[in-house]
Each structure stands twice: as structure tokens, then as C-alpha cells.
Amino acid sequence: MTTAADRLASVQADIRDAEAENGRETGSVTLIAVSKTFEAEEIRPVLEAGQLVFGENRVQEAMHKWPGLREDFAGIELHLIGPLQSNKAKEAVATFDVIHTVDRPKIAKALKAEMDKQDRQLPCFIQVNTGEEPQKAGIPPKEVDAFVAYCREEVGLPIIGLMCIPPVEEAPGEHFALLEKIARRNGLEQLSMGMSADYAVAVGFGATHVRVGSAIFGSRDYA
Ligand SMILES: *Cc1c(COP(=O)(O)O)cnc(C)c1O
């Protein structure tokens with residue numbers, strides 16, 4: 001039987017291989033272990049194996065799970081990878097270290113106000129809806145340049161990169177390439193892209209952060 005720690009090791013090895021194959025520097029890709037829906041007790045062995053960077057998609061879930069784990073493990077870095085409501089900005093800024101899902105002016109302003117209030121400036125990614133899917137969050141590709149400028153110049157949010165979730169039924173490569181192109185022309189260096197099914201592909205397209213859940217923790221039970 002493989003454990004989460006075994007699967008973590010194999011994902012880490014895949015990432016190192018993909019870095020080497022694509023001429024990327026070893027360690028240039030950060031693995032975010034996505035622990036949403038898993039209990040603290042299931043996360044603990046992955047922390048014990050040395051993984052310190054994690055992603056959660058719900059503020060409420062994370063604020064209950066992570067304070068206890070932070071007491072037991074130093075150096076945890078927690079990334080918010082799910083949609084954010086402005087009335088949860090306070091909890092999000094208090095709970096997370098990096099935000100991947102800035103996708104509208106209201107959220108940008110709410111986050112900045114909370115960061116100032118809590119004196120905690122969190123690095124942020126802007127989520128881009130590369131597939132222009134109506135049901136999906138994110139800024140449409142054509143509007144990203146203006147939104148990046150707005151976040152930087154009018155709001156003063158520390159924007160470090162772009163994030164995308166490609167449409168499930170499409171080959172992800174063209175979406176990763178589009179995200180990279182938009183980031184480059186805006187002078188943004190960080191790219192949050194690639195999940196369990198396609199993280200090695202994403203590394204080839206320049207991902208700096210891959211968000212991997214089920215390949216480490218196993219399949220999720222949403223019941
Ligand atoms: C759940 C989730 C992931 C991880 O998905 P897996 O396919 O389990 O690796 C990555 N990114 C986001 C935004 C997610 O919500």
C-alpha cells in the first residue's frame with residue numbers, strides 16, 4: 001500500500017525530472033500540496049515528510065484546520081487557491097500566506113484594506129479564466145493587462161503572478177502558454193498552473209507553482 005508520503009516523494013521526483021527535461025533550474029518549481037477536504041490527521045504525515053507548502057480552497061475550512069498544525073510544525077506556508085468572498089477577506093489575510101485567486105476589483109480592495117489593517121502584505125496572484133468559461137472565476141485574457149495595472153497602481157496590491165485552471169476537456173498546454181505570455185508582457189514572474197493530471201506539462205510551460213492534491217492525498221470524498 002502506498003502512503004501519502006510515498007506519493008509525495010514520487011510527485012517531487014516527477015517535478016525534478018520535468019525541471020531537468022525542460023532546462024529549468026532544480027528547485028525552481030514550488031510544489032503546493034492541496035489538502036482541501038482532508039483532515040489534519042491526514043495532513044500530518046505529509047508535514048512529517050518535510051512538505052511545508054500547502055493549498056486550501058476554502059477560508060472556513062482552512063481557519064479551523066491549520067492553526068493547530070502551525071503550532072506543531074514551523075515554517076508552514078499556506079496558499080489560498082479557491083474563490084474568495086470580500087466578507088471573508090479578514091479571515092483569509094489572517095489564515096493564509098499567499099492568495100492565488102484575486103479576480104475582481106472588490107476583492108482586490110478588500111484584501112488590501114485587510115493587509116494594511118493586519119500589517120501583513122501577502123503576495124497575490126491574479127486568476128485568469130484562460131478558457132473564458134462562463135461558470136469559472138477569473139479575469140478574461142483580454143482584460144488582464146488593465147486589471148494588473150489597476151491592482152498595482154490604484155490598489156497597491158503586491159501582485160507576483162498569474163494563476164489558471166484550464167478547462168477540463170481541453171489539452172492544457174495552450175492555456176499554460178497563454179498564461180505565460182500574458183505574465184511576461186506584464187512583467188510578472190510567477191505562474192501558478194498545473195494540477196495532479198498535468199503538473200509535469202505545466203513545468204514545461206514555465207510553471208513556478210504547481211497545485212497538486214489527489215496525486216498526493218488520494219481521491220477526495222465530497223460527501
Ligand atoms: C483542488 C484544486 C487543485 C488540486 O487538484 P488535483 O487534481 O487534486 O491535483 C488545484 N488547484 C485548484 C484551484 C483546486 O481547487
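User: Where does the ligand sit?

Analyst: This is a predicted model, and in it the ligand sits in the largest pocket. To earn that wording, more than half of the ligand's atoms must lie within 2 Å of the pocket's grid points.

User: What makes Lys36 a polar contact of the ligand?

Analyst: The cut-off for a pair of N or O atoms is 3.5 Å. A polar side-chain atom of Lys36 lies 2.7 Å from an oxygen atom of the ligand, so the pair counts as a polar contact. Two other residues pass too: Ser196 has a side-chain N or O atom 2.5 Å from a ligand oxygen, and for Arg220 the distance is 2.8 Å. On top of that, the protein covers 89% of the 390 Å² of accessible area that the ligand has on its own.

User: Which residues surround the ligand, and how do you know that they belong there?

Analyst: Among them are Val34, Ile81, Met163, Val212 and Gly213. Each counts because one of its heavy atoms lies within 4 Å of the ligand. By class, the shell has six nonpolar, three polar and three charged residues.

User: Why is Gly213 in the shell called polar?

Analyst: That's just the sorting rule: Gly213 is in the shell, and Gly counts among the polar residues, so that's its class.

User: What lines the largest pocket?

Analyst: There are 28 lining residues, with Lys36, Ile165, Met195, Arg211 and Arg220 nearest the centre. The lining splits into 14 nonpolar, eight polar and six charged, around a space of about 600 Å³.

User: How do you know that Lys88 and Pro83 line the second largest pocket?

Analyst: Both are in its lining, along with residues including Asn57 and Leu84, which means each has an atom within 4 Å of a pocket point. That pocket's volume is about 170 Å³.

Note on methods. Residues are numbered from 1 along each chain as its sequence is written. This is a predicted model: local features need pLDDT of at least 70, side-chain atom pairs count only at pLDDT 80 or more; totals for chains, interfaces and linings use all residues. Side-chain values use heavy atoms; hydrogens and water are left out. A polar contact is a pair of N or O atoms within 3.5 Å; within protein, one must be able to donate a hydrogen and the other to accept it, and residues adjacent in sequence count only if both atoms are side-chain atoms. Accessible areas come from the Shrake-Rupley method with a 1.4 Å probe; for residues, only the protein chains shown count as cover. On a 1 Å grid over the protein atoms alone, a cavity is a set of points where a 1.4 Å probe fits but cannot get out, and a pocket is an open set with protein on both sides within 12 Å along at least five of seven lines; lining residues have an atom within 4 Å of a point. Grid points are joined across faces, edges and corners, and a volume is the space filled by probe spheres set on the points.
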